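Visitor: Could you take me closely through one part of this model, the metal site, and then place that site within the rest of the fold? I would like a careful, connected account.

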Amino acid sequence: MEILPKQPSVKGPAQMFTGDVWFDVIAKGEEPSRMRVNVVRFAPGARTAWHSHAVGQTLHVTEGIGLVQSSGGEVTEIRPGQTIYTPPGEWHWHGAAPDHFMSHLAMWEGPGEGHGPESEWGALVRDDEYNAR
Ligand code: MN
């Protein structure tokens, strides 16, 4: 057993996130494990860009009020205790509601060696998309 040192929080890069988003890497498994777990903290109005995950993703909201949307679906409010599953390859975004912080656990897997990137990233979520509720 090992109690790991706390790693510095990482600012979400502007190509992938709108607004202030910080994440902490909680777990990044070494092969053969492909486990990935981050805590992600969004300031009000902050959100990911559109993206998809090769092996899907599970989010678990721990604090605040957030929004999620899958491509072609509605912008939907999410709250602490809720768990959101996005299947492999489904384009989506997640973030904080306009007037609330939001934190979630993000759990996904690497695709395995020789299987391409674990996530694909596209356009930033426009204000009119974010405010479409
Ligand atoms: Mn995602």
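Guide: Along the sequence, the residues that donate to the manganese ion follow the spacing H-x1-H-x3-Q-x34-H-x1-H, and in this predicted model the donor atoms are NE2 of His 51, His 53, His 92 and His 94, together with OE1 of Gln 57. These protein donors lie 2.1 to 2.2 Å from the manganese ion. The site also ties together distant parts of the chain, for His 53 belongs to strand 6 (residues 51-53) whereas His 92 belongs to strand 11 (residues 92-96), the two being 39 residues apart. Both His 53 and His 92 are buried, that is, under 20% relative accessible area with only the protein chains counted.

Strand 6 leads on from the metal site to the largest pocket, since it is one of the elements that give two or more residues to the lining of that pocket. The others are strand 3 (21-28), strand 4 (35-42), strand 12 (102-109) and strand 13 (119-121), and among the contributors strand 4 gives the most, with four residues. The space within the largest pocket comes to about 380 Å³, and of its 21 lining residues those closest to the centre are Phe 17, Phe 23, Asn 38, Trp 108 and Trp 121. Taken by class, the lining of the largest pocket comprises 10 nonpolar, eight polar and three charged residues.

The second largest pocket, with a volume of about 200 Å³, is lined by Leu 4, Pro 5, Lys 6 and Gln 7, and by the run Asp 24, Val 25, Ile 26, Ala 27 and Lys 28. Its lining divides into five nonpolar residues, one polar residue and three charged residues.

Several of the strands already named recur in an open sheet of six strands, whose order is 1-3-4-12-7-10 and whose pairing is antiparallel. At its edges stand strand 1 (10-11) and strand 10 (83-86), each of which pairs on one side only. Strand 10 is joined by four bridges to strand 7 (residues 57-64), the two running antiparallel, and here Leu 59 stands opposite Ile 84 of strand 10. Strand 7 also brings the account back to the metal, as its residues 57-64 include the position of Gln 57, which donates OE1 to the manganese ion.

Technical notes:
Residues numbered from 1 in each chain as written. Predicted model: local features only at pLDDT ≥ 70, side-chain atom pairs only at ≥ 80, totals over all residues. Heavy atoms only, no water. Donors = N, O, S within 2.8 Å, 3.2 Å for Na, K, Ca; no water. Buried < 20%, exposed > 50% of the residue type's maximum accessible area, 1.4 Å probe, protein only. 1 Å grid on protein atoms, 1.4 Å probe; cavity = no way out; pocket = protein on both sides within 12 Å on 5 of 7 lines; lining within 4 Å. Points joined across faces, edges and corners; volume = space filled by probe spheres on them. Nonpolar A, V, L, I, M, F, W, Y, C, P; charged D, E, K, R; others polar. Pairing = 2+ DSSP bridges.
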